[in-house]
Every structure is written in structure tokens, then in C-alpha cells.
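Here are some worked exercises to go through with the viewer open. Try each task before you read its solution.

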Amino acid sequence: MAIIYSYPLADEVTNDSWVLGSEIVQNGLRVVKNYSASDLVSFTRGFVTLNDVLDNDNESLLDAKIGDLYLYDNINGDYGKIRLSNDTFRFNNFTGGSTLYVDSYVLSVGGKMTIDGQNLTVPRIFTMPNKSGIVALIEDIVTPDLQIVTDEGSITTNPVEVGELRLSDANTSNYSTIYALADAIFLKNDQGAVFQEIEIGREGKYSTLGGFIDISHNLITGTKNRQEPNKSGTYAMTNDLPQVADNFANDAAAAIGGIAIGGLYHTAGTVKIRLV
């Protein structure tokens, strides 16, 4: 006679729960056995693989927690992996070598190139130029000299501010200099120890040529026009010009009046030359 037991309904299953089952031992006879839930989980786990899960449904919105994630390299026929260790993501190729790692501040590629952001105090944005080329380091950037600038483009419409402007003298291999000092512009011709200097327009008053000639126009009160004669010659000073003296009756009176021999005087409007 079979003995039938009645078991209460279980609201939940735990590892300590037991399940009734049977198995064939021999000659078709079945033996009733009790199986723990934990044993059944361990037993069935060996028959379910990741392929079985993905073949059944390879999409899920649930979180998955794993150790290392291995990715198959179909060219090399082996697996690379992604690992998280000490807050650092590490990407290893199929040989186990590190190809990339990323942490909170550092990005390293192939163990040879590292981008380090530990010195940044606030988030920064770096925009890459829309072209191909080689990235330069600060020490690789050379400040261009004037020769490089003018080789690239010798014309500009922008104002240029310099200290002195030096012009090469092809004949002497020296440099002439243009510079400003005390509201005046100087043109200096440097020929060894000899300096020829032109000073232009200090307050629009005077000019100096070579330190020897002063052309003064500080007495001019308005715009004046001067016309040069159409010939070469020597400028005369005002005291070099002959003077027509006051009215004298004759040479004797002119002599008393200080007119030198050869000097001019007039008698009642008639210009005369003192002869004696």
C-alpha cells in the first residue's frame, strides 16, 4: 500500500526548501527522492550557458554585473578584455597587453601616449581643428622672427608698432635707423663711428641735418609757400645780399654814412655805387 503524505503549500522557495522527485534506478522502477532547492540550482546551472541565454533573447534592459568582459578578436582568434580595477578602466588585447586605460583624470593609449588632466581646476573644453596634422608641444612652437613673417607675407594693412626701424644699406652693409624721441622723429645713418642725423618736426618748430644745419620755422604763424629756383646754386644769407643805403648826396657823404667802396646808396631815388 502506498503512503500518501499531505504537504502544506509553500509561499516561497529558499535554498533550504525540498522538492519531491523520482528517478529510474533499474528495471523501470522509480524511486522517490527529495531534492533541496540549492542542489537543483547547482545542477541546472551546469546546463545553461551564456549562448543559451543570448540565443533565447539577446536584449535586456536590466543591469548586469560581471567581472571582466571578454570580447572576441575574430582576426587573431582570441579574446581581449575590459577590466575595472581601482577606479580605472583597462582595455587589454588578446595577448594581455594594455592598449587603453581611463581613470578620473588620465587617458593612456598603448602605454605610450598619456593625456593627464590632474592639474585642471575646472572643466575645460578642447576643440580639435577640422583638419589632419601633427599636434605640436609648447616647446616645439618657435616664435617667428621678422624674416619668417615677411617671408610668409610682406604686405599688411595693419598698423605696426616698433621701437626702432632699421633699414639695410646695401652699399655699406650697415643699417640706417628711424626712431622717435621727445616728440621728434630722427633718421640716423650709421656708418661706423659717423652718425648723420636728421631731426624732424619737434612740435613743428625746427629740423637738424647732420647736427650742422638747423632750419628754423618757429617764427612762421601760418602756412607759407616757398618756391625753389629752377637751377643749381648756393643759398645766400641775408647779410650777404647788397644793401641799398639811405639817401646820400655823393660818395663822400656815403663814406661818412658807413657805405663801403662798392656799396650801394641812392641819391633822391637814383641808385649809385660808391667808387671813392
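Two strands count as paired if DSSP finds at least two bridges between them. Helices (H or I, at least four residues) and strands (E, at least two) are DSSP runs, numbered from the N terminus. Before you start: this is a predicted model, where local features need pLDDT of at least 70 and side-chain atom pairs count only at pLDDT 80 or more, while totals for chains, interfaces and linings use all residues. Residues are numbered from 1 along each chain as its sequence is written, and side-chain values use heavy atoms, with hydrogens and water left out.

**Exercise 1. The hairpin**

Task: find the bridge partner of Leu 264 in β17, then describe the turn between β16 and β17.

Solution:
- Start with the strands. β16 covers residues 264-267 and β17 covers residues 270-273, and the two pair in the antiparallel sense over four bridges.
- Now look up the partner: Leu 264 is bridged to Ile 273.
- Next comes the turn. The two strands form a hairpin with two residues between them.
- Check the backbone there. Ala 268, in the loop between β16 and β17, has phi near 55 degrees, a positive value in a residue other than glycine.
- Finally, accessibility. Buried means under 20% relative accessible area, exposed over 50%, and partly exposed in between (1.4 Å probe, protein chains only). Ala 268 has 69%, so it is exposed.

**Exercise 2. Another positive phi**

Task: is Asp 87 buried or exposed, and where is Asp 87 found?

Solution:
- Locate the residue first: Asp 87 sits in the loop between β4 and β5.
- Read its phi, which is near 60 degrees, again positive in a residue that isn't glycine.
- Then take the relative accessibility: at 63%, Asp 87 counts as exposed.

**Exercise 3. Around Asn 92**

Task: work out what surrounds Asn 92 and what its side chain reaches.

Solution:
- Place Asn 92 in strand β5, residues 88-92.
- Its relative accessibility is 15%, so Asn 92 counts as buried.
- List the contacts (heavy atoms within 4.5 Å). Leaving out residues up to four places away in sequence, Asn 92 touches Gly 80, Lys 81, Gly 97, Ser 98 and Thr 99.
- Follow the side chain: it reaches the backbone oxygen of Gly 96 at 3.0 Å.

**Exercise 4. Salt bridges**

Task: how many salt bridges are there, and which residues are linked in a network?

Solution:
- Fix the rule: a salt bridge is a side-chain nitrogen of Lys or Arg within 4 Å of a carboxyl oxygen of Asp or Glu. That gives three salt bridges.
- Take Asp 68 with Lys 81, at 3.7 Å from N to O. Asp 68 lies in the loop between α2 (50-56) and β3 (69-73) and Lys 81 in β4 (residues 78-85), so this pair ties together parts 13 residues apart in sequence.
- Asp 68 also meets Arg 83, at 2.8 Å from N to O. Arg 83 is in strand β4 too, so this pair ties together parts that are 15 residues apart in sequence.
- Put those together and Asp 68, Lys 81 and Arg 83 are linked in a network.
- For exposure, Asp 68 is partly exposed at 24%, and Arg 83 is partly exposed at 35%.
- Then there's Glu 164 with Arg 166, whose closest N and O atoms are 3.3 Å apart. Glu 164 is partly exposed at 43%, whereas Arg 166 is exposed at 55%.

**Exercise 5. The nonpolar patch**

Task: which residues make the nonpolar surface patch, and which strands each supply at least two of its residues?

Solution:
- Apply the patch rule: residues with over 30% relative accessible area and no salt bridge, with like charges joined within 9 Å and nonpolar side chains (Val, Leu, Ile, Met, Phe, Trp, Tyr) within 5 Å. Areas come from the Shrake-Rupley method with a 1.4 Å probe; for residues, only the protein chains shown count as cover.
- Collect the members: Val 160, Val 162, Leu 165, Leu 167, Ile 178, Ile 185 and Leu 187 make a patch of about 580 Å².
- Map them to strands. β9 (165-168) and β11 (184-191) each supply at least two.
- Check one member: Leu 187 lies in β11 and, at 31% relative accessibility, counts as partly exposed.

**Exercise 6. The whole chain**

Task: how many helices and strands are there in the chain, and what percentage of its residues is buried?

Solution:
- Count the elements: four helices and 17 strands.
- Buried residues make up 11% of the 276 residues.
- The chain exposes about 24800 Å², with carbon and sulfur atoms supplying 55% of that.
- Among contacts between residues at least 6 apart in sequence, 1% join residues at least 24 apart.

How values were computed
Polar contact = N/O pair within 3.5 Å; in protein donor to acceptor, adjacent residues only side chain to side chain.
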